[in-house]
Amino acid sequence: MNRATKLAAGSVVVSLVVLGLKALAWWLTGSVALLADALESIVNVAAAGAALIAVRLAATPPDANHPYGHAKAEYISAVLEGVLIVLAAALILNESWHAWQAPSAPELPGPGLAISVVATLLNGGWAALLFREGRKLRSPALLADARHLLADVVTSGGVVVGVGAVALTGILWLDPLLAALTAVNILFSGWSLLRDSVGGLMDEAVEPGLLGRIRGLVSQEAQGAIEAHDLRTRHAGSTTFVEFHLVVPGEMRVAEAHDICDRIEAALKAELGSAVITIHVEPEGKAKHQGVLVL
């Protein structure tokens with residue numbers, strides 16, 4: 001089991017524990033805001049399970065039917081997680097509306113809030129770990145799970161403060177209002193996740209900063225060539241795909257052109273980690289005098 005799979009499996013365990021804690025907090029208090037928080041944790045469990053399946057599938061080596069590998073399975077998992085987040089928000093809004101029509105004071109707010117704080121701290125710690133490791137492993141599924149948990153931490157913190165305010169002030173409508181605000185925050189999180197995941201499925205180019213570093217390395221390592229043009233990039237999970245045309249002098253031998261390509265590939269892989277690089281070598285008559293000029 002690789003590192004990403006272990007982390008995804010850990011997310012399932014953490015989500016189940018947090019769900020149990022939040023359900024207990026709601027059972028003790030009867031607060032609709034804490035119920036909303038618990039409902040989101042049900043989504044967390046489902047999303048963590050989907051992420052685990054996707055990470056395991058993404059780690060499967062390329063085969064005859066999938067020669068580029070299975071990395072995009074992580075984006076599919078992230079899209080599913082975004083849809084589940086939106087569904088959770090709809091459920092919470094429904095509960096908020098019913099509670100708004102007939103608000104009630106929470107019971108045993110002290111123990112319930114204490115349990116909710118423990119669950120929130122657990123989620124926050126795990127989200128921080130997933131962010132760090134997800135960036136290191138460049139895993140869309142782990143980063144999606146981290147963003148989801150971070151949104152859960154923010155909303156849980158607001159719910160804890162709000163339910164405490166209801167208990168102290170006796171203003172009962174604060175409880176359903178906080179639940180509705182939680183739903184709005186969750187909707188924003190779901191939309192952001194869907195937008196980023198669909199971008200990966202649509203072969204969106206790498207971010208401008210990384211693209212600049214790629215262009216710089218090509219220019220630096222292509223001594224002997226004339227230019228590189230038609231540079232294209234995309235991500236698929238943790239793998240970056242880079243392809244471009246490299247223009248060389250017409251009299252250059254094949255072995256010399258191959259050496260230039262090897263230097264470029266080595267530099268790009270050192271920068272990108274997991275990468276697939278495709279270079280099409282062309283004679284100088286194909287120069288477009290645009291793209292990456294070789295230093």
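**Entry 1: a salt bridge in helix α4**

I began with Glu-133 and Lys-136, whose side chains meet in a salt bridge with an N to O distance of 3.5 Å; the model I was reading is a predicted one. Both residues belong to helix α4, which covers residues 109-137, and they sit three residues apart, about one turn of the helix. I then looked up how far each of the two is covered, and found Lys-136 exposed, at a relative accessible area of 58%, whereas Glu-133 is buried, at 6%. Glu-133 counts as buried because its 6% falls under the cut-off of 20% relative accessible area, and Lys-136 counts as exposed because its 58% lies over 50%.

**Entry 2: other partners of Glu-133**

Which residues does Glu-133 contact once its neighbours within four places in sequence are left aside? I found Arg-3 and Leu-7. I also noted a salt bridge between Glu-133 and Arg-132, with the closest N and O atoms 3.5 Å apart. Arg-132 is partly exposed, with a relative accessibility of 47%. Taking the charged residues together, I recorded a network of salt bridges that links Arg-3, Arg-132, Glu-133 and Lys-136. Within this network, then, I have a buried Glu-133, a partly exposed Arg-132 and an exposed Lys-136. For the structure as a whole I wrote down five salt bridges.

**Entry 3: Thr-5 in helix α1**

From Arg-3 I went on to Thr-5, which I located in helix α1, a helix that runs over residues 3-29. Is Thr-5 buried or exposed? Thr-5 is buried, with a relative accessible area of 5%. Not counting residues up to four places away in sequence, I saw that Thr-5 touches Leu-52, Val-55 and Arg-56.

**Entry 4: strands β1 and β2**

I next turned to the pair formed by Arg-232 and Glu-243, a salt bridge in which the closest N and O atoms are 2.6 Å apart. Arg-232 lies in strand β1 (residues 227-236) and Glu-243 in strand β2 (residues 239-248), so this salt bridge ties together parts that are eleven residues apart in sequence. For the two ends of the pair I noted that Arg-232 is exposed, at a relative accessible area of 53%, while Glu-243 is partly exposed, at 35%.

Strand β1 also holds Asp-230, and here I checked the backbone. What is the phi of Asp-230? I read a value near 55 degrees, which is positive although the residue is not a glycine. I kept this in the notebook because most residues other than glycine have a negative phi. Asp-230 is partly exposed, its relative accessibility being 35%.

**Entry 5: Leu-177 and Gly-162**

In helix α6, which spans residues 174-201, I looked at Leu-177. Its relative accessible area is 34%, and Leu-177 is therefore partly exposed. I set Leu-177 against Gly-162, which is 15 residues away in sequence, and found the C-alpha atoms of the two 9.1 Å apart in space.

**Entry 6: the chain as a whole**

Having gone through single residues, I turned to the chain, in which I counted eight helices and four strands. Read from the N terminus, the order of these elements is α-α-α-α-α-α-α-β-β-α-β-β. Why do I describe the chain as more spread out than a compact globule? The radius of gyration is 25 Å, well over the 19 Å that the globule rule gives for 295 residues, so the chain is more spread out than a compact globule would be. I also noted the box that the C-alpha atoms fill along the principal axes, which comes to roughly 85 × 35 × 30 Å.

Of the 295 residues in the chain, 48% are buried. Among contacts with a separation of 6 or more, I found that 76% are made by residues 24 or more positions apart. The chain exposes about 14200 Å², and carbon and sulfur atoms supply 66% of that area.

Last, I looked up the charges of the chain, of which 20 are positive and 27 negative. How far apart are the mean positions of the positive and negative charges? They are 4 Å apart.

Methods. Residues numbered from 1 in each chain as written. Predicted model: local features only at pLDDT ≥ 70, side-chain atom pairs only at ≥ 80, totals over all residues. Heavy atoms only, no water. Helix = DSSP H or I, 4+ residues; strand = E, 2+ residues; numbered from the N terminus. Rg over C-alpha atoms; globule rule 2.2 N^0.38 Å. Buried < 20%, exposed > 50% of the residue type's maximum accessible area, 1.4 Å probe, protein only. Contact = heavy atoms within 4.5 Å. Areas by Shrake-Rupley, 256 points an atom, 1.4 Å probe, with all protein chains shown as cover. Lys, Arg positive; Asp, Glu negative; His and termini not counted. Charge placed at Lys NZ, Arg CZ, Asp CG, Glu CD. Salt bridge = Lys/Arg side-chain N within 4 Å of Asp/Glu carboxyl O.
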